Amino acid sequence: MTTSLRALTGDYVLDQARTRIGFVARHTVGPAVHGRFDRFAGTGHLDGDDPSRSRIELTVQAGSVQTRNPQRDRYLRGKYLKDADHPVITFTSNRVERTGETAFQVTGDLSIRGVRNPITLALELTGDGDGLRLKGGVTIDRTDWGVKWNAAAGLVARKVALELDLAAVRRP
């Protein structure tokens, strides 16, 4: 990245057309399941002088999960995510630590199904001509958020990789 971090200081909003919020879940009897969420919003603040004062907030519509399999998507929405009772998944950062020239660890609270647990995202700032781009993710244990639907308990691995490719544009 050639742009200085200081030059990127500002308030940002996610560019929905260029952002991908996805996941990969291993399946014990077949290939991994790749999915994404199609409806989300997010804001952030990057402080180039003091990255620890930066923050990120994401809100994802649980019912927007897509795996290209309508039957599986219905199960994920209803049985796994219980989107009727818990329509949103949220992440709110509470600590940002710079770990390299363009690498950051962003710690915060992830809420799924009304259960909130801390996670730490590993993100790489890759820059972007129209704003900024952060790529990375974290692997979580879905059972920590009560995602345990018994009929598939032996088929879907407990570990789920969350993948983020966040494109953000500066607010005027």
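## Why these labels apply

User: Why is Arg-36 called partly exposed?

Analyst: The relative accessibility of Arg-36 is 30%. Buried would require under 20% and exposed over 50%, so at 30% Arg-36 falls in between and counts as partly exposed. Please keep in mind that this is a predicted model.

User: Thanks! What makes Arg-36 and Asp-38 a salt bridge?

Analyst: The N to O distance between their side chains is 2.7 Å. The cut-off for such a pair is 4 Å, and 2.7 Å is within it, so the label salt bridge applies. Asp-38, the partner, has a relative accessible area of 34% and is therefore partly exposed.

User: How many salt bridges does the whole structure hold?

Analyst: A search of the whole structure gives seven. One of them joins the side chains of Arg-18 and Asp-15, with 2.7 Å from N to O. Arg-18 is partly exposed because its relative accessibility, 26%, is neither under 20% nor over 50%.

User: What makes Arg-158 and Asp-141 a salt bridge, and where in the chain do the two residues sit?

Analyst: Their closest N and O atoms are 2.8 Å apart, which is within the 4 Å that a salt bridge allows. This pair links distant parts of the chain, with Arg-158 in strand β11 (residues 156-170) and Asp-141 in strand β10 (residues 132-141), 17 residues apart.

User: Are Arg-158 and Asp-141 buried or exposed, or something in between, and why?

Analyst: The two partners get separate labels. Asp-141 has a relative accessible area of 11%, which is under 20%, so Asp-141 is buried. Arg-158 has 47%, which is not over 50%, so Arg-158 is partly exposed.

User: How do you know that Thr-143 has polar contacts with both Asp-141 and Arg-158?

Analyst: Between the side chains of Thr-143 and Asp-141 the distance is 2.6 Å, and between those of Thr-143 and Arg-158 it is 3.1 Å. A polar contact needs a pair of N or O atoms within 3.5 Å, so both pairs qualify. Thr-143 is found in the loop between β10 and β11. Its relative accessible area is 17%, under the 20% limit, so Thr-143 is buried. Beyond its neighbours within four places in sequence, Thr-143 is in contact with Lys-148 and Arg-158.

User: Over to the loop between β1 and β2: why is Thr-19 called buried?

Analyst: Its relative accessible area is 10%, and that is under 20%, so Thr-19 is buried. The side chain of Thr-19 reaches the backbone oxygen of Asp-15 at 2.9 Å and the backbone nitrogen of Ala-167 at 3.0 Å. Apart from neighbours within four places in sequence, Thr-19 is in contact with Leu-14, Phe-40, Asp-165, Leu-166 and Ala-167.

User: What about Gln-16: why is this residue called partly exposed?

Analyst: With a relative accessible area of 44%, Gln-16 lies between the 20% and 50% limits, so it is partly exposed. Gln-16 sits in the loop between β1 (10-14) and β2 (20-27). A polar atom of its side chain lies 2.2 Å from the backbone oxygen of Phe-40. Not counting residues up to four places away in sequence, Gln-16 touches Phe-40 and Ala-41.

User: Now for the empty space: what surrounds the largest cavity?

Analyst: Its lining has 21 residues, and those nearest its centre are Gly-44, Arg-55, Ile-56, Leu-132 and Leu-134. β1, β4 (40-46), β5 (55-61), β8 (103-112), β10 and β11 each give two or more residues to that lining, and β4 gives the most, with five. The space amounts to about 270 Å³. By class, the lining divides into 14 nonpolar, five polar and two charged residues.

User: And how much space lies in the largest pocket, and which residues are closest to its centre?

Analyst: About 700 Å³ of space lies there. The lining has 35 residues, and closest to the centre are Phe-23, Leu-76, Tyr-80, Leu-81 and Val-160. The classes are 29 nonpolar, three polar and three charged.

Definitions and conventions: Residues numbered from 1 in each chain as written. Predicted model: local features only at pLDDT ≥ 70, side-chain atom pairs only at ≥ 80, totals over all residues. Heavy atoms only, no water. Helix = DSSP H or I, 4+ residues; strand = E, 2+ residues; numbered from the N terminus. Buried < 20%, exposed > 50% of the residue type's maximum accessible area, 1.4 Å probe, protein only. Contact = heavy atoms within 4.5 Å. Polar contact = N/O pair within 3.5 Å; in protein donor to acceptor, adjacent residues only side chain to side chain. 1 Å grid on protein atoms, 1.4 Å probe; cavity = no way out; pocket = protein on both sides within 12 Å on 5 of 7 lines; lining within 4 Å. Points joined across faces, edges and corners; volume = space filled by probe spheres on them. Nonpolar A, V, L, I, M, F, W, Y, C, P; charged D, E, K, R; others polar.
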